[in-house]
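Welcome, and thanks for taking a look at this one. Here is a short briefing to read alongside the coordinates, beginning with a single residue and working outwards.

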Amino acid sequence: MIDDPLGPLDPDFAAAFTRDLSRPPCQLYLISPLDVTGTFPDRLARALDAGPVAAFQFRVKDVDQHSAARLAEPLQRICADREVAFIVNDSVSLAKRLGADGVHLGQEDGDPREARMILGPGVQIGVTCHDSRHLAMEAGEAGADYVAFGSFYPTTTKTVSHHPEPVILSWWSALFELPSVAIGGITPANAAPLVKAGADFVAVSGAVWNTDEVAAVRGFAEVLGAR
């Protein structure tokens, strides 16, 4: 756990929290698998056609930018055709090259202020904040468009060491208008507590791509539609 200078959250905060229904309903944020070759473009199109999806994050590792751009371009077109935001993970330079709708930055991926200067005012900038309210507040002050907390559940998508409680979503929602994204091991079966806690988006990868993507997206649609 990150040493958060704000200290621990009062567990009673969650019990007293009621989701503000004036905020938009929680939405689905898809993250790509590391392998987006082969039939993945067809799978992405099927997933996006199966139910509401707000954003798709392009997340590949260990490939050069030219290869990443070549892989990204057909996926970006699929998203654009369906009015789904196309977000690039980690790389401001790739997001700039592609004219992406946004970039998602980890804590080691650069300053949101610098990303804003490079990408301009209309691009969405998200920041990973792990289990730290302090990092989230810093991200908001730096001009981020959303903050991401997690991992809420065990996940095999990436190695994680931060495991916040859902109450952090409640605290954030109660104090700030900036949207929050819940991430980490989220499935249709366990998403409801995070929605109730105040998440504005749930970010998912394995729960969709490791199974039938159409059934998974429809499953999330049922959960997210049941405010």
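Setting aside neighbours within four places in sequence, A100 is in contact with Q76, F86, V88, A95 and V123. Please keep in mind that this is a predicted model. The points below start from A100 and then move to the fold, the cores and the protein overall.

**Around A100**
- A100 sits in the loop that links α4 (92-98) to β4.
- Is A100 buried or exposed? Its relative accessibility is 7%, and since buried means under 20%, A100 counts as buried.
- A100 and G206 are 106 residues apart along the chain, and their C-alpha atoms are separated by 23 Å.

**The barrel and its strands**
- The protein contains 10 helices and 8 strands.
- A closed barrel of 8 strands follows the order β1-β2-β3-β4-β5-β6-β7-β8, and the pairing is parallel.
- From one strand to the next, the twist averages 25°.
- For a look at one pair, take β7 (residues 180-183) and β8 (residues 201-204), which are joined in the parallel sense over 3 bridges.
- In that pair, I183 stands opposite A203 of β8.
- Helix α5 (residues 112-119) lies across β4 (102-105) and β5 (124-128), and it runs at about 160° to β5.

**Nonpolar cores**
- Which residues have the most contacts inside the largest nonpolar core? They are L30, F56, F58 and F86, in a core of 66 residues.
- Another core, of 10 residues, lies apart from that one, and its members include A54, I87, F201 and A203.
- F56 has a long list of partners once residues up to four places away in sequence are left out: L30, I31, S32, F40, L44, L75, C79, V84, A85, F86, I87 and W209.
- F86 thus turns up twice for F56 and A100: F56 touches F86, and A100 is in contact with F86.

**The protein overall**
- The radius of gyration is 17 Å, close to the 17 Å that the globule rule gives for 227 residues, so the protein is as compact as a globular protein of that length.
- Along the principal axes, the C-alpha atoms fill a box of roughly 50 × 40 × 30 Å.
- Of the 227 residues, 51% count as buried.
- Among contacts with a separation of 6 or more, 62% are between residues 24 or more positions apart.
- The exposed surface comes to about 10,900 Å², with 53% of it supplied by carbon and sulfur atoms.

Methods. Residues are numbered from 1 along each chain as its sequence is written. This is a predicted model: local features need pLDDT of at least 70, side-chain atom pairs count only at pLDDT 80 or more; totals for chains, interfaces and linings use all residues. Side-chain values use heavy atoms; hydrogens and water are left out. Two strands pair if DSSP finds at least two bridges between them. Helices (H or I, at least four residues) and strands (E, at least two) are DSSP runs, numbered from the N terminus. Axes are lines fitted to C-alpha atoms, for helices over the stretch in contact, and angles run from 0 to 180 degrees between N-to-C directions. Contact means heavy atoms within 4.5 Å. The radius of gyration is taken over C-alpha atoms; the globule rule is 2.2 Å times the number of residues to the power 0.38. Buried means under 20% relative accessible area, exposed over 50%, partly exposed in between (1.4 Å probe, protein chains only). Accessible areas come from the Shrake-Rupley method with a 1.4 Å probe; for residues, only the protein chains shown count as cover. A nonpolar core is a set of buried Ala, Val, Leu, Ile, Met, Phe, Trp, Tyr and Cys residues joined through side-chain atoms within 4.5 Å.
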